[in-house]
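Here are some notes for a colleague who is opening this structure for the first time. They are set out as numbered points, to be followed with the sequence and the model side by side.

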Amino acid sequence: DSLYANAQNIAQQYEMRLKPADQILIKITTSDSEPELLEIFARDVTMGSFGTNSSSYNQGGTVSNSYGYTVTNDGYVVLPALGRVDVNNMTCEEAARTIEKKVKDMKLINDPEVTVRLQNARVTVIGAVSSPRTVNLTSERNTVIDILAQCGDLEPASLRKNIKLFREVNGQRQMYTLDITDANIFNSPAFYVQQNDMIYVEPNKSLGVKSSAFYTFLSAGASILGLASSIVALVLSIKNS
């Protein structure tokens, strides 16, 4: 309560960064009067396209084309007429500006506007949650609390102070330990999830043992043994008297 008695600044660290195997949608728009300028980007038969492309006319006379691409293992997208463009570890906004600059530098379109969107972002949740599942992300701002809520919240047997989040960063797998009972979780670099994160909610193993058949048998056996001991003690007491 004392920590958040006053308003706290929110760390804007939720933007996802592009990684190998990400699927992204690239939309190119121009207000030039010649829509055929965009046709050069339609030649993507062997350019790494994973989906379909579409073109449309918007209000104000602008024309746009949208294409889907997969980021290569070394962090590039291969675009028609532009070739290989390095987008590794960039935000979608940074990738859009990089592509836009290359289009201008190559003088393909005078006033391009490029938009990049991540399409296959997801987080996997397993362990002591009501509904373990893979959660598809519909926006870039998603907290670990949001993801756990979509899985039906934590089970009573979960260890709320020992939630593990695994993340791939620059070819390495990192693990973060989260305690959702501690207000400092808001400052954790893992508070905002990234695409392909995996969350493991560890169950309380002692509760599992207590609910097991062996523990039930052991408890019953102990009760019977205690009763037998009481009877023996009573018999010996009567005999001695």
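1. Disulfides. How many disulfides does the count come to? By the rule that the two cysteine sulfur atoms must lie within 2.5 Å, the count comes to zero disulfides. Please keep in mind here, and in every point below, that this is a predicted model. As background, a disulfide is a covalent bond between the sulfur atoms of two cysteines. Two of the cysteines deserve a look for their surroundings: Cys92 is buried, with a relative accessible area of 5%, and Cys151 is likewise buried, its relative accessible area being 0%.

2. The nonpolar core. The largest nonpolar core holds 45 residues, and within this core the residues that touch the most other members are Ile24, Ile26, Ile99, Val116, Leu148 and Ile199. Helix H1, which spans residues 92-105, gives the most to this core, contributing five residues.

3. The surroundings of Val116. Which residues does Val116 touch, once residues up to four places away in sequence are set aside? The contacts of Val116 are Ile24, Leu25, Ile26, Cys92, Ala95, Ala96 and Ile99. Of these, Ile24, Ile26 and Ile99 are named, together with Val116, among the core residues that touch the most other members. Cys92, another contact of Val116, is the buried cysteine with a relative accessible area of 5%.

4. Strand S7 and its partners. Strand S7 (residues 122-127) pairs with strand S8 (residues 133-136) in the antiparallel sense, over four bridges, and a hairpin of five residues joins S7 to S8. Within this pairing, Arg122 has Asn136 in S8 as its bridge partner. S7 is also joined to S11 by four bridges, but here the strands run parallel. The bridge partner of Val125 in S11 is Ile199, a residue that also appears among the core members with the most contacts to other members.

5. Aromatic pairs. A search of the whole structure finds two aromatic pairs. In one of them, Phe186 and Phe191 meet edge-to-face, with 5.1 Å centre to centre and 75° between the planes. In the other, the ring centres of Phe191 and Tyr192 are 5.3 Å apart and their planes stand at 70°, so this pair is edge-to-face as well. These ring pairs link Phe186, Phe191 and Tyr192 into a cluster. Are the members of the cluster buried or exposed? Phe191 is buried, with a relative accessible area of 7%, and Tyr192 is buried with a value of 7%, whereas Phe186 counts as partly exposed at 43% relative accessibility.

6. A charge over a ring. Apart from the ring pairs, Arg84 and Tyr76 are worth inspecting together: the charged end of Arg84 sits over the ring of Tyr76, at 4.1 Å from the centre of that ring.

7. Positive phi values. As background, most residues other than glycine have a negative phi. Asp153 is not a glycine, yet has a positive phi of about 75°; Asp153 is found in the loop between helix H2 (144-150) and strand S9 (158-169), where it is partly exposed, with a relative accessible area of 41%. Asn196, also not a glycine, has a positive phi of about 75°. The loop that holds Asn196 runs between strand S10 (172-178) and strand S11 (198-203), and Asn196 counts as partly exposed at 37% relative accessibility.

How values were computed
Residues are numbered from 1 along each chain as its sequence is written. This is a predicted model: local features need pLDDT of at least 70, side-chain atom pairs count only at pLDDT 80 or more; totals for chains, interfaces and linings use all residues. Side-chain values use heavy atoms; hydrogens and water are left out. Buried means under 20% relative accessible area, exposed over 50%, partly exposed in between (1.4 Å probe, protein chains only). Helices (H or I, at least four residues) and strands (E, at least two) are DSSP runs, numbered from the N terminus. Two strands pair if DSSP finds at least two bridges between them. Rings of Phe, Tyr and Trp (its six-membered ring) pair if their centres lie within 6.5 Å; planes under 30 degrees apart count as stacked, over 60 as edge-to-face and the rest as tilted. A charge sits over a ring if NZ of Lys or CZ of Arg is within 6 Å of the ring centre and within 35 degrees of the ring normal. A nonpolar core is a set of buried Ala, Val, Leu, Ile, Met, Phe, Trp, Tyr and Cys residues joined through side-chain atoms within 4.5 Å. Contact means heavy atoms within 4.5 Å.
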